[in-house]
Amino acid sequence: MIHGSCLCGQVSFELENRFSQFHLCHCSQCQKATGSAHASNLFTSPDNIHWLTGSDFVSRYDVPGRTISNAFCRHCGSALPYVSGSGKALVVPAGCLDDTPAITPEDNIFWAEKAPWYEAALASPHFAGFPE
């Protein structure tokens, strides 16, 4: 089993650590939904989740006319798992996991839409915390 939660801890869940896909999506919609360079989403079967606490704090936003969705904690705004619009997959934002998944990212999708500053960010200095 693998566990996950939101930033404030109001919502927690567990899943079997079996994922079929792990994509880093650089499309402009995922950039907006995450507020970052890309979404890091794992995919598993729709029934592979057991909400432990706070399922009533989970809200969902479906982009009108698109297949893009976003689920989040109403209290802290953290991204949370949701069933895809087609109902065929549970989409699990990697950042909400408290444990390490048994799969690593397999690709970068929608690369042509990546943030113009993304590659420069990868080449910039790395620090363990805030720079001094």
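Let me start with Ile68, which sits in the loop that runs between strand 6 and strand 7, and please keep in mind throughout that what we have here is a predicted model. Although Ile68 belongs to a loop, its relative accessible area is 19%, and since the cut-off for buried is under 20%, Ile68 counts as buried. Its C-alpha atom is separated by 8.3 Å from that of Ser84, a residue that lies 16 positions away from Ile68 along the chain.

The two strands on either side of that loop bring us to the sheets. Strands 6, 7 and 8 make up an open sheet, arranged in the order 6-7-8 and paired in the antiparallel sense. The edges of this sheet are taken by strand 6, residues 58-62, and strand 8, residues 79-80, and because each of these has a single partner strand, one side of each is left without a neighbour in the sheet. Strand 7, which covers residues 69-73, is joined to strand 8 by 2 bridges in the antiparallel sense, and if you want one contact to look for on the screen, take Phe72, whose bridge partner in strand 8 is Ala79.

There is also an open sheet of 5 strands, and here the order is 9-10-4-3-11, with pairing that is mixed. Its edge strands are strand 9, residues 82-83, and strand 11, residues 107-109, each of which pairs on one side only. For a parallel contribution to that mixture, look at strand 3 and strand 11, which pair in the parallel sense over 3 bridges; Cys25 has Ile109 as its bridge partner in strand 11.

Several of these strands return when we turn to the pockets. How much space lies in the largest pocket? The volume comes to about 850 Å³, and the lining is made up of 41 residues, with Cys30, Ala39, Asn41, Tyr82 and Val91 lying nearest the centre of the pocket. If we ask which elements supply at least two residues each to this lining, they include strand 3 (21-25), helix 1 (28-34), strand 4 (39-44) and strand 10 (90-93), and strands 7 and 8 belong with them. Sorted by class, the lining has 22 nonpolar residues, 16 polar residues and 3 charged residues.

Now to the aromatic side chains, of which the structure holds 2 pairs. In the pair of Phe13 and Trp51, the ring centres are 5.5 Å apart and the ring planes stand at 65°, and because planes over 60 degrees apart count as edge-to-face, this pair is classed as edge-to-face. Phe13 comes from strand 2, residues 12-15, and Trp51 from strand 5, residues 50-53, so the contact ties together parts of the chain that are 38 residues apart in sequence. The two partners are not equally accessible, for Phe13 is buried at a relative accessible area of 0%, whereas Trp51, at 28%, counts as partly exposed. The rings of Trp111 and Tyr118 also form an edge-to-face pair, with their centres 5.9 Å apart and their planes at 80°. Here Trp111 is partly exposed, with 34% relative accessibility, while Tyr118 is buried, with 12%.

Let me finish with the charged contacts. How many salt bridges does the count come to? The count comes to 3 salt bridges, and we can go through them along the chain. Arg18 and Glu16 meet through their side chains in a salt bridge, at 2.9 Å from N to O; Arg18 is partly exposed, with a relative accessible area of 39%, and Glu16 is likewise partly exposed, at 39%. Asp62 forms a salt bridge with Arg60, where the closest N and O atoms are 2.8 Å apart, and in this pair Asp62 is partly exposed at 41% and Arg60 is partly exposed at 37%. Finally, Glu119 forms a salt bridge with Lys114, with 3.3 Å between the closest N and O atoms; Glu119 is partly exposed, with a relative accessible area of 48%, and Lys114 also counts as partly exposed, at 22%.

Conventions. Residues are numbered from 1 along each chain as its sequence is written. This is a predicted model: local features need pLDDT of at least 70, side-chain atom pairs count only at pLDDT 80 or more; totals for chains, interfaces and linings use all residues. Side-chain values use heavy atoms; hydrogens and water are left out. A salt bridge is a side-chain nitrogen of Lys or Arg within 4 Å of a carboxyl oxygen of Asp or Glu. Buried means under 20% relative accessible area, exposed over 50%, partly exposed in between (1.4 Å probe, protein chains only). Two strands pair if DSSP finds at least two bridges between them. Helices (H or I, at least four residues) and strands (E, at least two) are DSSP runs, numbered from the N terminus. Rings of Phe, Tyr and Trp (its six-membered ring) pair if their centres lie within 6.5 Å; planes under 30 degrees apart count as stacked, over 60 as edge-to-face and the rest as tilted. On a 1 Å grid over the protein atoms alone, a cavity is a set of points where a 1.4 Å probe fits but cannot get out, and a pocket is an open set with protein on both sides within 12 Å along at least five of seven lines; lining residues have an atom within 4 Å of a point. Grid points are joined across faces, edges and corners, and a volume is the space filled by probe spheres set on the points. Ala, Val, Leu, Ile, Met, Phe, Trp, Tyr, Cys and Pro count as nonpolar, Asp, Glu, Lys and Arg as charged, and the others, Gly among them, as polar.
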